[in-house]
Amino acid sequence: MLLLLSLHSWADTLTATVDRNQLSRGETVELQVRFDGLTTSDPDFSALEQDFEILSQHQQNQFSIMNGSPQSYTQWTLQLLPKQTGRVLIPALQLKGVQSDPITLQVEKRTAVSTGAEPVFMETELDKSSVYVQEQLLLTLRLNTSVPLQGLSSEELMVKNASLLKVSENQYQKRDNGVLYQVVELKYALFPDTSGELIIPPVRFTAAIPDRRDPFSGSLFGSRGKPVFLFSEEQHVEVKPRPANYGSGDWLPAKGLSLSERWSRPLDELVAGEPVTRTINLTAQGLMDSQLPPLSIDSGEGFKVYPDQPQLENSPTGNGVIGSRIESIAIVPSRAGSITLPPIKIRWWDTTSQQVRETVLEGQTLDVKPAAGVTATPTPNPEVAAAATDTAVMTGPIATADTRRASLLVWVLIAFNLLLLIAVIVLFLLWQNSRDRSTKPQSITNDKEEESTLFKALQLRAREGNLRNFREALLLWAGAFWKKSLLTLMDISEAAGNGDFTCALDALDRALYSPDLSGNLDLNAICQQVKQLRKQQRSQKPTKGKTLAPLYDDKIKS
């Protein structure tokens, strides 16, 4: 009974102590909880998780008899990392009806300026205190250490209502107050999605300083050392809406924006019916590729355009992101003479000068030569036509000086217009009576002319021997022949359904990406297969005047 009473008196206490009550942000505190007695259960440590991160937990049991008196206790050692600064409370812990006293800690902010006393410290820097929505904001984080670190790692930066991209990660050395520091620098480009206040949360860096006296650091970090936790400072940035004077359209806040172009061949060698590729590069400093708008390029008088899929790219630099959008357009002149390409204009907001700017890719007038064997139709001279019009206007009053002759001329014109109207009505009635006659629509005629022109261009590319130009001309011809969008040689193969032609296209595809095979490919032979394919495909189409369904073709032939 004395032994039981003695054990009960020892077990009726639960104490909690810490190694220090004042610490800086990122430093850990050691909490020891002791229960005087033997137990198989643990105190409820879940109450600590609200204000602390539990990094490690160890338990030790002890039983001994000293001077005939039994002594026993159970002790838990925890490494805690405070989640916030200021006054932080370790709450009372409970076990078997007893509880410990609460403990108050004071967690100070760690200074971001080196004083020589801190072996490891963080720096947080923003290039601007306020930005417009979708404007680039540069965040720089620097970890400075004058002692070697092991197992350095950092959390991933996550910012609500913003897109971000890591643009650089560098390591270098600097000397501050006579102390040599190794610097790890991370730089991010952020693009706020909405106006208002943007909150950039702190980023935690974890490392270990080598320390052989710490027996528990190896189990946590994989090597002996004192744990170090560093946090970047939380940042608050004002995000302004787009300016009212910008107007509607695509919102492009950038440091700089440029437009450039290149052509697949010299512009003085353009021939009617032969495609030429125009590549336009839109580049913006301080914008991601996903923010750049598509270019509006349409067909015009005397030419058609066939755009390809755009190429998007982000180029990270020390000054942020450079986004680019490259668009390739195949232009096919439909006639000889002059064709005019309109200018391309992009309006954007200069974030440096805080004003609206416009970048223009000037329009061009191209001289197109006639195809081989075709006589060029001269383009009317606007000045000559205007002069002829002016002469007619000047001589009009002289020719109509006589009022009677002018009146007679008016009646003659009225009679002529009445006769023309009657003729139009008669022709319309005749057309209504002959609707059962099958006539070939003009659009089909135009399609055949375009297909024939593109086939001639394909033959010309075969004679030149350039594989990539030949592939481009082949895709254009196939799209006009089958009247649908064909983007790859495999699409042409599926549309043709010809085994020999498929083998030829496979050989062309391999030769495009294997310089060793390009010399063994006969492009003229492929043109002959295309010619035979045109003949076969057209022979399978119903001839003019046939109106019966294909089901009765065999009966007609018999």
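Okay, before anything else, one definition: two strands count as paired if DSSP finds at least two bridges between them. Keep that in mind, since a lot of what follows is about strands. And one caution: what we have here is a predicted model.

With that definition in hand, let's take a sheet. Strands S11, S19 and S16 make an open sheet, in that order, and the pairing is mixed. So who sits at the edges of this one? Strand S11, residues 130-132, and strand S16, residues 196-200, do; each has a single partner strand, so one side of each has no neighbour in the sheet. Going from one strand to the next, the twist averages 35 degrees. If you want to look at one pairing in there, take S16 with strand S19, residues 235-240: they run antiparallel and are joined by five bridges. Within that pairing, Glu197 sits opposite Glu238 of S19.

Let me step back and give you the whole protein. It has eleven helices and 29 strands. There are 558 residues, and buried ones make up 36% of them. The accessible surface is about 33300 Å², with 52% of that belonging to carbon and sulfur atoms. And here's one on contacts: if you take those between residues at least 6 apart in sequence, 67% of them join residues at least 24 apart.

Back to strands. There's another open sheet of three, ordered S13-S17-S18, and here the pairing is antiparallel. Its edge strands are S13, at 150-154, and S18, at 226-231, and each of those pairs on one side only. Ignoring direction, neighbouring strands in this sheet are turned by 15 degrees against each other on average. Strand S17, residues 204-209, pairs with S18 over six bridges, in the antiparallel sense. A good place to zoom in is Phe205, which faces Leu230 in S18.

A quick reminder for anyone new to this: strands in a sheet pair through backbone hydrogen bonds, and they can do that parallel or antiparallel. Strand S9 is handy here, as you can see both.

S9 covers residues 103-108. Which of its side chains are buried? Ile103, Leu105 and Val107 are, and they point to one face, while Thr104, Gln106 and Glu108 point to the other face and are not buried. So much for the faces; now the partners. Strand S2, residues 22-24, pairs with S9 in the parallel sense over three bridges, and Ser24 stands across from Glu108 there. Strand S6, residues 86-90, runs antiparallel to S9, with five bridges joining them. In that pairing, Gly86 has Val107 of S9 as its bridge partner, and Val107 is one of the buried side chains I just mentioned.

Next up is strand S15, residues 179-192. It's mostly covered, with eleven of its 14 residues buried. Strand S12, residues 137-145, is joined to S15 by nine bridges, running antiparallel, and Leu141 has Leu186 as its bridge partner in S15. Then there's strand S14, residues 162-176, also antiparallel to S15, with 14 bridges between them. Look for Lys174 opposite Tyr181 in that pair. S14 and S15 form a hairpin with two residues between the strands, and Asn177 takes a positive phi there, near 55 degrees.

Now the helices. Take H6, residues 467-482, and H10, residues 523-539: their axes come within 12 Å and cross at roughly 5 degrees. How are they oriented to each other? Angles under 35 degrees count as roughly parallel, and H6 and H10 are therefore roughly parallel to each other. On the H6 side, the contact is made by Leu467, Phe470, Leu474, Trp477, Phe481 and Trp482. H10 brings in residues including Leu523, Ile526, Cys527, Val530 and Leu533, along with Arg534, Gln537 and Arg538. Sort the residues of that contact by type and you get eleven nonpolar, one polar and two charged.

Last stop, and it links up with Cys527 from that contact. Lys456 is in helix H5, residues 442-464. Is Lys456 buried or exposed? Its relative accessibility is 53%, and exposed means over 50%, so Lys456 counts as exposed. Along the chain Lys456 is 71 residues from Cys527, and the C-alpha atoms of the two are separated by 9.9 Å.

Methods
Residues numbered from 1 in each chain as written. Predicted model: local features only at pLDDT ≥ 70, side-chain atom pairs only at ≥ 80, totals over all residues. Heavy atoms only, no water. Axes fitted to C-alpha atoms, helices over the stretch in contact; angles between N-to-C directions. Helix = DSSP H or I, 4+ residues; strand = E, 2+ residues; numbered from the N terminus. Parallel < 35°, antiparallel > 145°, perpendicular 65-115°, else oblique. Contact = heavy atoms within 4.5 Å. Nonpolar A, V, L, I, M, F, W, Y, C, P; charged D, E, K, R; others polar. Buried < 20%, exposed > 50% of the residue type's maximum accessible area, 1.4 Å probe, protein only. Areas by Shrake-Rupley, 256 points an atom, 1.4 Å probe, with all protein chains shown as cover.
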